[in-house]
Amino acid sequence: MTLRAGIAILPPCSATDTGIEETGWGIDFDQRLALLQAHLERCRLCGNLCDADRIEGTSAICGAGPKPVVTSVRLDSSKSHPLGGSLPVGTIGFLRCGLDCVYCADPKPSDLPSEEALQVDHVRLADEILRLQEAGAAIVRFQAPTVHLPTLVPALHLARMRGLRSPVAYGSSAFETVEALRLLDGLVDVYFPTLKYGSEQAARVYSGVVDYVHTSRLAVKEMFRQVGPASRGSRGGLRRGLVVRHTPIPAGMAGTVQVLTWIARNLPSDTPVCLSQSYRPVHQVAAGLFPEIARRVSQEEHDYFLSAARQLGLSNAFPSDCD
Ligand code: SF4
């Protein structure tokens, strides 16, 4: 399933289009649109708080403009996934992120033939969400959506009005501001954040961000407030709730034990915790700039972190090679 080029950019739909008025936080749809427009003009969606004018195209740390670039739309049904269980998971991936990870394996702007051709508006994004549902996705998830909320929020409203029934999962690096997450309240069924670091120093060195640990912990608490504990259907697919992901890097340099300790102390002990085995020494790490993490994480290390999670009382921690 691929996107076509040449997408018309339309103005956002209004509350009249969607019929959705109020949320648990009392932010109606028009207010959300106004707040999202304000972020396009002076963006504080992520913890970088860089105040960029994304319409004028100035100084966004993440490099994002007003429109998202979709890098992949795919349906995964070949193996079990923490979100879908044995059911197919539809994924929409975006370009641009507020973090600049030295081991990032995601596509870069230079990898794309034409960014412009892959830009979407909210109508086109709603189309893609519904196409995944029609193709059999038991859950539709977004990868790296944080900087694209000005398009994602109206797209989700529109998709709901046009018949979206599959749960929506929001997967990010947990670097959203709480104010940004509140604009999603009522639109997301499942949050799947990656708590990348338990050490501010590691976040600075390996992802180029400050205050990551503090920001991400506030974000995960807000996510849990919105969706609560995880609940699954009869075939293992998530219907609602929070699943936390963490990807250890070599020698515990991400602060893995600190991450697990925080989860154990601040979330229910049966919170699903996906310990990903997906770390690869790619990008700048492959160029030899960070020799301390220039290898795969050993099986002994993975076993140690899983054992630490269990000792901390996290009864639903599990290893996974899924991203
Ligand atoms: S998403 Fe973050 S990095 Fe990107 S413009 Fe907004 S505040 Fe800046």
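Colleague: In what order do the seven strands of the open sheet stand, and what is the pairing?

Modeller: In this predicted model, the seven strands follow the order 1-2-3-4-5-7-6 in an open sheet, and their pairing is mixed. Strand 1 (70-76) and strand 6 are the edges; each has a single partner strand, so one side of each lacks a neighbour in the sheet. Helix 7 (residues 212-227) packs on this sheet, where it touches strand 5 and strand 7. The direction of helix 7 makes about 135° with that of strand 7.

Colleague: How should one read the sense of the individual pairs? Which way do strand 3 and strand 4 run?

Modeller: One takes each pair of strands in turn. Strand 3 (residues 139-143) and strand 4 (residues 168-171) run parallel and are joined by four bridges. Within this pair, Val 140 has Val 168 of strand 4 as its bridge partner. Strand 5 (residues 190-191) is also parallel to strand 7 (residues 238-242), with two bridges, and Tyr 191 faces Leu 242 of strand 7.

Colleague: Where does an antiparallel pair with strand 7 occur?

Modeller: Strand 6 (residues 231-232) runs antiparallel to strand 7, and two bridges join them. Arg 232 is placed opposite Leu 238 of strand 7. The two strands, 6 and 7, make a hairpin with five residues between them. In its turn, Gly 236 has a positive phi of about 90°.

Colleague: What is the order of the three strands in the other open sheet, and what is their pairing?

Modeller: The order is 8-9-10, and the pairing is parallel. Strand 8 (244-246) and strand 10 (317-320) are the edge strands, each pairing on one side only. From one strand to the next, the twist averages 25°. Three bridges link strand 8 with strand 9 (residues 273-276) in the parallel sense; Arg 245 has Cys 274 in strand 9 as its bridge partner.

Colleague: Let us turn to the interior. Which residues of the largest nonpolar core touch the most other members?

Modeller: The general idea is that nonpolar side chains tend to be buried together in soluble globular proteins. Here the largest nonpolar core holds 87 residues, and Ile 139, Ala 169, Val 190 and Val 243 touch the most other members. Helix 4 (residues 149-161) gives the most to this core, namely seven residues.

Colleague: Which residues is Val 190 in contact with, leaving aside neighbours within four places in sequence?

Modeller: The contacts of Val 190 include Ile 139, Ala 169 and Val 243, the residues named with Val 190 as touching the most other core members. Among the others are Leu 83, Pro 167, Val 227, Leu 238, Arg 240 and Gly 241.

Colleague: How does one judge a loop residue such as Tyr 197: is it buried or exposed?

Modeller: One counts the surrounding C-beta atoms; a residue is buried if 20 or more others lie within 10 Å of its own. Tyr 197 has 28 within that distance and is therefore buried. Tyr 197 lies in the loop between strand 5 and helix 6 (200-207). Beyond residues up to four places away in sequence, Tyr 197 touches Ala 202, Ala 203, Tyr 212, Val 213, Ala 254 and Gly 255. Its C-alpha atom is 9.6 Å from that of Ser 207, ten residues apart along the chain.

Colleague: Finally, how many residues surround the ligand, and which are the closest?

Modeller: The ligand is surrounded by 15 residues, of which Cys 43, Cys 46, Cys 50, Ala 60 and Cys 62 are the closest. Classified by type, this shell consists of eleven nonpolar, two polar and two charged residues.

Key:
Residues numbered from 1 in each chain as written. Predicted model: local features only at pLDDT ≥ 70, side-chain atom pairs only at ≥ 80, totals over all residues. Near = placed C-beta within 6 Å. Nonpolar A, V, L, I, M, F, W, Y, C, P; charged D, E, K, R; others polar. Pairing = 2+ DSSP bridges. Axes fitted to C-alpha atoms, helices over the stretch in contact; angles between N-to-C directions. Core = buried A, V, L, I, M, F, W, Y, C linked by C-beta atoms within 7 Å. Buried ≥ 20, exposed ≤ 12 C-beta atoms within 10 Å, placed from the backbone. Contact = placed C-beta atoms within 7 Å.
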